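The following exercises are meant for a reader meeting this structure for the first time. Each sets a task and then works through the solution step by step.

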Amino acid sequence: MSYISAVKRLIHNKKAYVRTFGCQLNENDGEKLQGLLSAMGYSLTEDPEEADFALLNTCAIRENAEKKTFGAIGVFKHYKEKNPGLVVAMSGCMTGEPHVLERLKTVYRHVDIVFGANNIEALPRLLFQHLTENRRVFDTDYDETVVTENIPTLHASSFKAGVPVMYGCNNFCTYCIVPYVRGRERSRNTEDILKEVRSLRESGYKEIMLLGQNVNSYMGGGEAFAALLEKVSDTGIERIRFMTSHPKDLNPQVLRVMAERDNICKCLHLPVQSGNNRVLASMNRRYTREKYLSIVEYARELMPDLSITTDIIVGFPGETTAEFEDTLSLLETVRYDAIFSFIFSPRKGTPAEKMKDVLTEKEKKANFERLLEVQNRISGEINKTYLGKVYRVLCEGTSKTDPFMMTGRTEGGKIVNFKGDASFVGQFADVKITETKTWNLQGEAICR
């Protein structure tokens, strides 16, 4: 970290802009990148046109995400023409893709610094090299056996935070780019995680989200995820969530710990991707529909009020409409609170990229609309059961659509809007539900 001081001596009254795309792990990386920039003496700005340093922290999970990022990075060429001293950098999952790296080197020559999702701690060194040697710097190499700790972090919130517990993925689902750009699984030491959680609690944080591509594969110092959950619960922090869980690795002990501990939210994100066994095998998911349903059944036996969400891919190569019908029937059986669904997007370098389609794009879109129609009905029906009941809500801020309404989430992750003012932000409130909609609830605060 000596490069932090070295850069600090080189810059004066400079502003930095960071834009992050993608998942909550990416968001946590973005907070670390902002922490590093702040430590180097930059003040942060949300206006890219006034920045002296601009960084795009990227996502590679879908083709649209990449197109959006290339569009954004192209805009900075114009900013640099207006401000020749602007330093443009790019990090994140996209930089781990060889074809993207080559494109940045040859086409996007206004990008000065490129580094990967697994070596964000290299930013001060790379920035120092660029500033002192006046050259473009590329470094996406990293040691898969190392997890860097104690990186300065600027959390976006003062009351809820993400806490990574492991990085990378060993599953190699045939559609997924993550193992190629994030590398193999490596877990943080339990004590480092607990130290971070305790520090957050002492700083007034009320909720944490334990993060990982597959938290159920956590193995820090020989301890499995269930043991980690117990120890994090023992810190006394008020709310604990975690994601993402892979069904093949979800140990029953994790569900038992969830059920036993009051400060672990009864909310489970359990990606299924498809309800058809042949498609699941083609995806290399390594569980069956029946196995998945047995996990859900056991989880709800332990926690009858458990909220369950999932991810679903529509139009995976080879999927027929009859096989898609199995996904619709799975929705009816599980009755998810919400789903995150996407039409299949081929990723360069993955096995699914070369698989053949059966359905046309029009048929895929029609199936996607059917999926949303079914889930919207189910979500609306579930939400109606909340009417007239009181739930503890952590207020996250002002509603985006109504400045006189506050918004927050229940333990189960339901969005609740209620009348209030800024004094509610970061506080728990008991809210009586007075109206239900498909994707959120309306209510009145009765106690704080």
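**Exercise 1. Determine how helices α12 and α13 pack, and which residues form their contact.**

Solution. Helix α12 (residues 321–334) packs with α13 at an angle of about 10°, and their axes lie 10 Å apart. Axes here are lines fitted to C-alpha atoms, for helices over the stretch in contact, and angles run from 0 to 180 degrees between N-to-C directions. Angles under 35 degrees count as roughly parallel, over 145 as roughly antiparallel, 65 to 115 as roughly perpendicular and the rest as oblique. The two helices α12 and α13 are therefore roughly parallel to each other.

The next step is to list the residues. From α12 come T321, F324, E325, T327, L328, L331 and E332; they meet N367, R370, L371, V374, Q375, R377 and I378 of α13. Contact means heavy atoms within 4.5 Å. By class, the residues of this contact of α12 with α13 are six nonpolar, four polar and four charged. In this count Ala, Val, Leu, Ile, Met, Phe, Trp, Tyr, Cys and Pro are nonpolar, Asp, Glu, Lys and Arg are charged, and the others, Gly among them, are polar.

A note on the basis of these values: the model is predicted, local features need pLDDT of at least 70, side-chain atom pairs count only at pLDDT 80 or more, and totals for chains, interfaces and linings use all residues. Residues are numbered from 1 along each chain as its sequence is written, and side-chain values use heavy atoms, with hydrogens and water left out.

**Exercise 2. Describe the sheet that contains β14, β15 and β16, and place α13 relative to it.**

Solution. The sheet is open, with three strands in the order β14-β15-β16 and parallel pairing. Strands β14 (267–269) and β16 (338–343) are at the edges with a single partner strand each, so one side of each has no neighbour in the sheet. Neighbouring strands are turned by 10° against each other on average, direction ignored. Helices (H or I, at least four residues) and strands (E, at least two) are DSSP runs, numbered from the N terminus, and two strands pair if DSSP finds at least two bridges between them.

Three bridges connect β14 with β15 (residues 307–314) in the parallel sense. Within β15, T309 is the bridge partner of H269. Helix α13 (residues 361–384) lies across β15 and β16 and runs at about 175° to β16.

**Exercise 3. Describe the sheet that contains β7, β10 and β13.**

Solution. This open sheet has three strands, ordered β7-β10-β13, with parallel pairing. Its edge strands, β7 and β13 (239–243), each pair on one side only. The twist from one strand to the next averages 25°. Strand β10 (residues 207–211) is joined to β13 by five bridges, in parallel, and I208 stands opposite I240 in β13. Helix α7 (residues 190–202) lies across β7 and β10, at about 175° to β7.

**Exercise 4. Identify the two pairings of β19.**

Solution. Strand β19 (residues 415–419) runs antiparallel to β18 (residues 405–409), with five bridges between them; R409 stands opposite I415. Five residues lie between the strands of this hairpin, and G413 takes a positive phi near 90°. Three bridges also join β19 to β21 (residues 441–447), this time in parallel, and F418 stands opposite G443 in β21.

**Exercise 5. Are T350, D141 and L25 buried or exposed?**

Solution. Buried means under 20% relative accessible area, exposed over 50%, and partly exposed in between (1.4 Å probe, protein chains only).

- T350, in the loop between β16 and α13, has 3% relative accessibility and so counts as buried. Its side chain reaches the backbone oxygen of R347 at 2.7 Å. T350 touches T174, Y175, C176, I177 and Y180, not counting residues up to four places away in sequence.
- D141, in the loop between β6 (137–139) and β7 (160–164), is exposed because its relative accessible area is 62%.
- L25, in helix α2 (residues 24–39), is buried, as its relative accessible area is 5%. L25 and L210 are 185 residues apart in sequence, and their C-alpha atoms are 9.7 Å apart in space.

Notes
Polar contact = N/O pair within 3.5 Å; in protein donor to acceptor, adjacent residues only side chain to side chain.
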